[in-house]
Amino acid sequence: MYSVNCGGSSTTTSYSAISDNSSHIPTQRDHATGPSNNQGSSISPRSKTLVSTGIVRETLLGKTALVQNEPGYGGRIMWRIFAGTMAVLASVLSAAAAEIELIDLPGEVDVVSIKGEITEGDGDRFYDLIQGRQRISVLLQSPGGLVKEALQIGAQVRLQNYATMVMPDGECFSACGLIWVAGARRYMSASSSLGFHAAYRQENGEYKESGVANAEIGSYLTHLGLRIEAIRFFTIAGPNDFLLLTPARARALGIDVFEQAGTSVTTPSQSPTVDIYADRFVSYGVLRSRCAGFFQVEERAFELEAKDAAQKGQQIAGNDAWIDVWSPMLEEAKTELNAKGPLMVCLETEAHLRENGLRTGIDGPSFDCRKATTQTEQALCDDPRLWAKDRAMNAIYLFIRSYNDAKVRKALLANQRAWLKERNSCGADPTCLRQSYDDRFQLMKAIDVGTSNGG
């Protein structure tokens with residue numbers, strides 16, 4: 001363990017799976033390690049963002065797991081079982097001491113195995129091993145080790161956009177989990193064991209939680225984008241206990257996972273986190289309450305989508321936790337409405353949902369495409385990215401036409417007709433058309449068709 005001298009007494013800080021006579025953890029072997037020589041608390045200059053200096057150490061033990069190749073990044077993900085490598089991998093992954101090595105398997109994606117205790121210098125060893133390799137899946141089978149080394153490895157995993165994997169029946173505890181959660185794509189199974197607890201300091205044979213170590217872990221997890229509930233889950237259990245992370249629990253905490261079941265994988269898009277449903281719930285709520293007039297769509301369409309998102313979010317997290325997730329998002333939406341105005345927020349929200357393959361109730365521009373005659377009209381019909389923009393512009397035109405002040409109304413309508421002429425000069429160029437609408441909206445973003453048009 002890492003040793004810190006404090007006025008002559010020896011104090012050890014640790015974040016590990018531990019067991020003692022009073023509280024045995026069945027999945028771990030009894031652990032007892034004496035302090036090592038003081039090796040300092042600085043981190044290699046090659047570690048970058050996400051890593052703070054620290055003096056935290058953890059240790060755990062591993063178990064054999066079967067590796068499967070994940071050759072697809074960004075496309076359809078297929079898992080292949082390489083029967084011929086089973087014996088080799090079984091011996092590789094059963095090592096008690098930490099080893100970091102490249103596994104030579106067929107496929108486009110390299111596999112780096114980290115197994116056993118994570119020890120001093122492993123961050124640098126990992127860094128050296130990955131040089132020149134762009135696509136890597138990091139296979140984890142480890143009881144943990146030095147937290148500062150795990151944070152250094154995790155930082156590289158995230159910066160390089162690597163995937164992380166804990167295989168079926170595999171184990172990844174404490175600091176190992178800090179590496180796993182850094183993955184741009186996180187793979188696990190229902191039978192994978194990922195365990196977390198607070199960092200602790202061993203003083204005179206007693207285990208005490210380390211505030212400094214937990215603060216470093218909290219900062220790291222915050223930089224990874226985890227919300228406070230997930231950070232608490234990672235650090236709330238005492239040194240003699242564990243909280244195990246299942247795929248369902250991960251989704252409830254906003255941690256998206258690729259869940260393996262045999263040779264099939266459930267992707268995050270197929271089984272979203274509660275945060276995704278909360279985002280949908282709030283987005284559809286904004287569309288229903290502030291955007292139906294701009295888009296000339298019945299509020300009922302948005303209401304049904306919001307209700308569906310709420311039901312699924314509640315199923316994942318439970319009612320109280322569900323409210324805790326979407327409430328801050330709603331406040332953020334209100335702030336944006338006040339800062340940007342409803343027109344811009346409505347356009348951004350519709351685009352956000354549409355780009356994620358979700359229904360928005362907008363199935364065309366403001367006119368009947370069967371009656372399109374000009375190049376511009378046909379281009380508007382062909383590009384879904386223009387539909388909401390055209391509908392919003394038409395709603396603004398109708399709003400101006402009903403303006404009470406005749407003089408102001410006449411001037412605004414003349415200006416709008418001049419813009420239409422300019423827009424039509426784009427012909428069939430969709431990029432020109434989108435830019436024309438966006439420029440016009442910047443001049444008209446203060447208009448809210450849901451308010452009175454007196455003047």
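The exercises below, each with a worked solution, concern a predicted model.

**Exercise 1. The whole protein**

Task: Describe the protein by its secondary structure, burial, contacts and accessible surface.

Solution.
- Step 1. Count the elements: the protein has 15 helices and 16 strands.
- Step 2. Take burial next. Of the 455 residues in the protein, 51% are buried.
- Step 3. Consider contacts between residues at least 6 apart in sequence: 70% of them join residues at least 24 apart.
- Step 4. Turn to the surface. The accessible surface amounts to about 20,800 Å², and carbon and sulfur atoms account for 49% of it.

**Exercise 2. Helix α13**

Task: For helix α13 (residues 384–401), find its span, its N-terminal cap and the helices against which its buried residues pack.

Solution.
- Step 1. Helix α13 has 18 residues, and the expected rise is 1.5 Å a residue. From first C-alpha to last, α13 reaches 26 Å, close to the 26 Å expected.
- Step 2. Look at the N-terminal end. Asp383 caps α13 there, with a side-chain oxygen 3.0 Å from the backbone nitrogen of Arg385.
- Step 3. Collect the buried residues. Among them are Leu386, Trp387, Met393, Ile396, Phe399 and Ile400, and charged residue names also occur in the list, including Lys389, Asp390 and Arg391.
- Step 4. Find what they pack against. The buried residues of α13 pack against α8 (274–295), α11 (342–355), α12 (375–382), α14 (406–424) and α15 (430–444).

**Exercise 3. Asp363**

Task: Place Asp363, decide whether it is buried or exposed, and identify its contacts.

Solution.
- Step 1. Asp363 sits in the loop between α11 and α12.
- Step 2. Its relative accessibility is 64%, so Asp363 counts as exposed, the cut-off being over 50%.
- Step 3. Leaving out residues up to four places away in sequence, Asp363 touches Trp387 and Arg391. Both of these contact residues appear among the buried residues of α13.
- Step 4. Examine the side chains: those of Asp363 and Arg391 are joined by a polar contact of 3.2 Å.
- Step 5. Compare sequence and space for Cys381. Asp363 and Cys381 are 18 residues apart in sequence, with their C-alpha atoms 9.5 Å apart.

**Exercise 4. Strand β15**

Task: Work out which way the side chains of strand β15 (residues 258–261) point, and which strands pair with β15.

Solution.
- Step 1. Sort the side chains by face. Phe258 and Gln260 point to one face and are buried, whereas Glu259 and Ala261 point to the other and are not.
- Step 2. Find the parallel partner. Strand β10 (residues 185–189) pairs with β15 in the parallel sense over three bridges, and Ser189 stands opposite Gln260.
- Step 3. Find the antiparallel partner. Strand β16 (residues 264–266) pairs with β15 over three bridges, with Ser264 as the bridge partner of Ala261.
- Step 4. Inspect the connection. β15 and β16 form a hairpin with two residues between them, and Gly262 in the turn has a positive phi of about 70°.

**Exercise 5. Aromatic pairs and the α8–α10 contact**

Task: How many aromatic pairs does the structure hold? Classify the pair Phe281 and Trp326 and the pair Tyr437 and Phe441.

Solution.
- Step 1. The structure holds nine aromatic pairs.
- Step 2. Phe281 and Trp326 have ring centres 5.2 Å apart and planes at 65°, an edge-to-face pair. Phe281 belongs to helix α8 and Trp326 to helix α10, so this pair ties together parts 45 residues apart in sequence.
- Step 3. Check burial against the cut-off of under 20%. Phe281, at a relative accessible area of 22%, is partly exposed, while Trp326, at 19%, is buried.
- Step 4. Tyr437 and Phe441 make a tilted pair, 6.2 Å centre to centre with 40° between the planes. They both lie in helix α15, four residues apart, about one turn of the helix. Tyr437 is buried at 0%, and Phe441 is buried at 1%.
- Step 5. Ring pairs also link Phe196, Phe233 and Phe234 into a cluster.
- Step 6. Return to α10 (residues 319–340), where Ala333 is placed. At 11% relative accessibility, Ala333 counts as buried. Not counting residues up to four places away in sequence, Ala333 touches Val282 and Val286. The C-alpha atoms of Ala333 and Val282 are 7.8 Å apart, although 51 residues separate them along the chain.

Notes:
Residues numbered from 1 in each chain as written. Predicted model: local features only at pLDDT ≥ 70, side-chain atom pairs only at ≥ 80, totals over all residues. Heavy atoms only, no water. Expected span 1.5 Å × (residues − 1). Buried < 20%, exposed > 50% of the residue type's maximum accessible area, 1.4 Å probe, protein only. Contact = heavy atoms within 4.5 Å. Polar contact = N/O pair within 3.5 Å; in protein donor to acceptor, adjacent residues only side chain to side chain. Areas by Shrake-Rupley, 256 points an atom, 1.4 Å probe, with all protein chains shown as cover. Pairing = 2+ DSSP bridges. Phe/Tyr/Trp six-rings, centres within 6.5 Å; stacked < 30°, edge-to-face > 60°.
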